[in-house]
Amino acid sequence: MSVTSPNDRAAQGIAKTFDVRYVPFATIYDTLCDIVIQTDPELQLGPGKLNFNPSYLRETMTVMDISHLPEETELIREAENRGCEVVSVDEVYRRQLNQIFKAITGQEIPDEIFTSRSEYTR
């Protein structure tokens, strides 16, 4: 696992905390990977120095973006267009909500709540 960010100091801190590799943002395009997980809601796509250039994405990569749960993001659309495998954030969002609900109530969220919400939003 590697951590990178336009904020190199923050990325170094995260990498040190979790004892994983730090990759300077300026060298991200020289670093090969199989999985890209976007977590920073401030990171923009584009060719700029502090942007993530979507041309980095390859068909062989798996991409997940949890920066704007539960919304689909521009990164996910780019990944799909480039033939990447995309991990649905719906299940991640459901699990996160369920953990919060269970911490407060001691119970699991009933499945019908998710079913009725997804029918409502269609």
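The largest pocket in this predicted model has a volume of about 870 Å³. Its lining is made up of 29 residues, and those nearest the centre of the pocket are Ser 2, Val 3, Thr 4, Ile 37 and Gln 38. Three elements each give at least two residues to this lining: strand E1 (2-3), helix H1 (8-18) and strand E3 (35-38). By residue class, the lining holds 20 nonpolar, 7 polar and 2 charged residues.

Let's stay with E3 for a moment. In a regular strand, side chains alternate between the two faces of the sheet. Along E3, Val 36 and Gln 38 point to one face and are buried, whereas Ile 35 and Ile 37 point to the other face and are not buried. E3 runs parallel to E4, and 4 bridges join the two strands. Within E4, Met 64 is the bridge partner of Ile 37.

Now for some backbone geometry. Most residues other than glycine have a negative phi, and most peptide bonds are trans. Two places here depart from that pattern, as the table shows.

| Site | Feature | Angle |
|---|---|---|
| Asp 19 | positive phi | about 55° |
| Leu 69 and Pro 70 | cis peptide bond | omega about -5° |

Where do these sites fall along the chain? Asp 19 is found in the loop between H1 and strand E2 (21-22), while Pro 70 lies in the loop between strand E4 (62-65) and helix H2 (74-81). And is Asp 19 buried or exposed? Asp 19 is exposed, because its relative accessible area is 70%, and exposed means over 50%.

Definitions and conventions:
Residues numbered from 1 in each chain as written. Predicted model: local features only at pLDDT ≥ 70, side-chain atom pairs only at ≥ 80, totals over all residues. Heavy atoms only, no water. 1 Å grid on protein atoms, 1.4 Å probe; cavity = no way out; pocket = protein on both sides within 12 Å on 5 of 7 lines; lining within 4 Å. Points joined across faces, edges and corners; volume = space filled by probe spheres on them. Nonpolar A, V, L, I, M, F, W, Y, C, P; charged D, E, K, R; others polar. Buried < 20%, exposed > 50% of the residue type's maximum accessible area, 1.4 Å probe, protein only. Pairing = 2+ DSSP bridges.
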